[in-house]
Amino acid sequence: MNVKQRTIKTPVSVSGTGLHTGQRVTMTFNPAPENHGYKFRRVDMPGSPIIDADVDNVTDTSRGTTISQNGATVNTVEHVLAALVGLEVDNVLIDMDGPETPIMDGSSIQFVDVILETGLVEQEADREYYHIPYNIHYSEPDRKVEMVAMPLDDYRFTCMVDYNSQVLGSQHASISTISEFKKEIASCRTFCFLHELEMLVKHDLIKGGDLNNAIVVVDKEVDEEELAHLAKLFNRKDINVAPQGILNNIELRHQNEPARHKLLDMIGDLALVGVPLKGHIMAARPGHAANVAFAKKIKTLIKKEKSRKQVKVYDPNAKPVFDTVEIMGMLPHRQPFLMIDKILELTKSHVVGMKNVTINEEFFKGHFPGAPIFPGVLQIEGMVQTGGILVLNTVPDPENYLTLFLKIENARFKSKVVPGDTIIYICDLLAPIRRGIATMKGVGMVGDRVVVEAELMAQIVKVKGTEA
């Protein structure tokens, strides 16, 4: 059963402060059409530039995930994107009047709540998942990061964190399906260690932090004077260390809340792949940089598979447009220089020819007989003859014309052709034929491999003695 794409019913807004910039920002989720995906729009900038939520647009992962495009930047996108993926929303345009998403309480729950409040609406188009086809690995040995995506007909996550900290220790978190996100993961807040907090404060890098939006893990001895300083810095009456080894600014929502938040970050960062995934993602010690690198690896695989799918497969056993005898009625070439056996497709601007390469070809006797390879010049000749059929098909009596090739440019030989291969030649006009001159792009394929390509220019001329 096909699952339909979804967007939100009506626009809905949230306002808050950016954790790192300290700027107040209003963020509005807008309904978007099918196949739109996730996009941010900086409405505070001239022309309201749009930034696609795409891994290729990531420009920084040092303190969250930052994306940039069209001269505009959006910081800390991962919690917002995690909410959208967790609710299985496909298409949303997110307006922002500042450079950073609001940190809210440090989790995704407030984004989830406002999206559910406005409601979701099903669209006409089917949701197209990318199914992880085999185990995809990523590692950073120096940081002991290990990630793997495995085939599964669902979206499942398993995450382990280990910071060599007596307080935090090793923690695991998991969800068996993405529908568990709202209940198990969405409310889990970001965390940092006390020594990191002090460094960030010292360098003025958490202007929007107020201790309401992060779990602070106390990983060192702290005296009363330092706690008093932190209390004053964050406008608190007093701050102490709770029994769990965290500052008592907040209470843990789950014993393993830090691991659950790392899982939340993974979901948000992997949204930048650009398509909904089906698979089991397992990670040890993930972070934004590793998540983004892993997302890029998955996206590269998707691109390769798409390019293969776009290659049309031709059935050599299908009834041809022209067989060998009919081709010889149009072309003057004969054995051993007739280099195409069939024409499989023919329109006014496109032709597909086929050549079966056999060991019986005369040239194999002298062209690397110990390791027979179909000569590149003869591959071009087969392409030229295929293109000749396309050009000759534009005149009423093709047998009275010759096709003369004027130019061959940008010829490239990408893979060897050997006996037993079947070459499919595809030629497309690059411009309408004028004064009997045609320019075309030719490609030779063996299976889904491009073996040769070139740009051709040809002219048709009438054979002497055939003029009216």
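Which strand gives the largest share of the nonpolar patch? In this predicted model, the largest share, three residues, comes from strand S21, which spans residues 401–413.

**The surface patch**

The patch is formed on the surface by Leu402, Leu404, Leu406 and Ile437, which together offer about 300 Å² of accessible area. Leu402 has its place in strand S21, and because its relative accessible area is 33%, Leu402 is classed as partly exposed.

**Aromatic rings**

Turning to the aromatic side chains, the structure holds five aromatic pairs. One of them joins Phe29 and Phe111, and since the ring centres lie 6.4 Å apart with the planes at 65°, where an angle over 60 degrees is the criterion, this pair is edge-to-face. The pair links distant parts of the chain, for Phe29 belongs to strand S3 (residues 24–31) and Phe111 to helix H2 (residues 109–118), with the two positions 82 residues apart in numbering. Both Phe29 and Phe111 are buried. Elsewhere, Phe363, Phe364 and Phe374 form one aromatic cluster.

A charged side chain also meets a ring: Lys278 lies over the face of Tyr129, at 4.5 Å from the ring centre.

The two ring contacts for which a distance is given can be set side by side.

| Contact | Distance |
|---|---|
| Phe29 and Phe111 | 6.4 Å between ring centres |
| Lys278 and Tyr129 | 4.5 Å from the ring centre |

Taken with the patch, these contacts give a picture in which Phe29 and Phe111 are buried, whereas Leu402 is partly exposed.

Definitions and conventions
Residues are numbered from 1 along each chain as its sequence is written. This is a predicted model: local features need pLDDT of at least 70, side-chain atom pairs count only at pLDDT 80 or more; totals for chains, interfaces and linings use all residues. Side-chain values use heavy atoms; hydrogens and water are left out. Rings of Phe, Tyr and Trp (its six-membered ring) pair if their centres lie within 6.5 Å; planes under 30 degrees apart count as stacked, over 60 as edge-to-face and the rest as tilted. Helices (H or I, at least four residues) and strands (E, at least two) are DSSP runs, numbered from the N terminus. Buried means under 20% relative accessible area, exposed over 50%, partly exposed in between (1.4 Å probe, protein chains only). A charge sits over a ring if NZ of Lys or CZ of Arg is within 6 Å of the ring centre and within 35 degrees of the ring normal. Patches are made of residues with over 30% relative accessible area and no salt bridge: like charges are joined within 9 Å, nonpolar side chains (Val, Leu, Ile, Met, Phe, Trp, Tyr) within 5 Å. Accessible areas come from the Shrake-Rupley method with a 1.4 Å probe; for residues, only the protein chains shown count as cover. A salt bridge is a side-chain nitrogen of Lys or Arg within 4 Å of a carboxyl oxygen of Asp or Glu.
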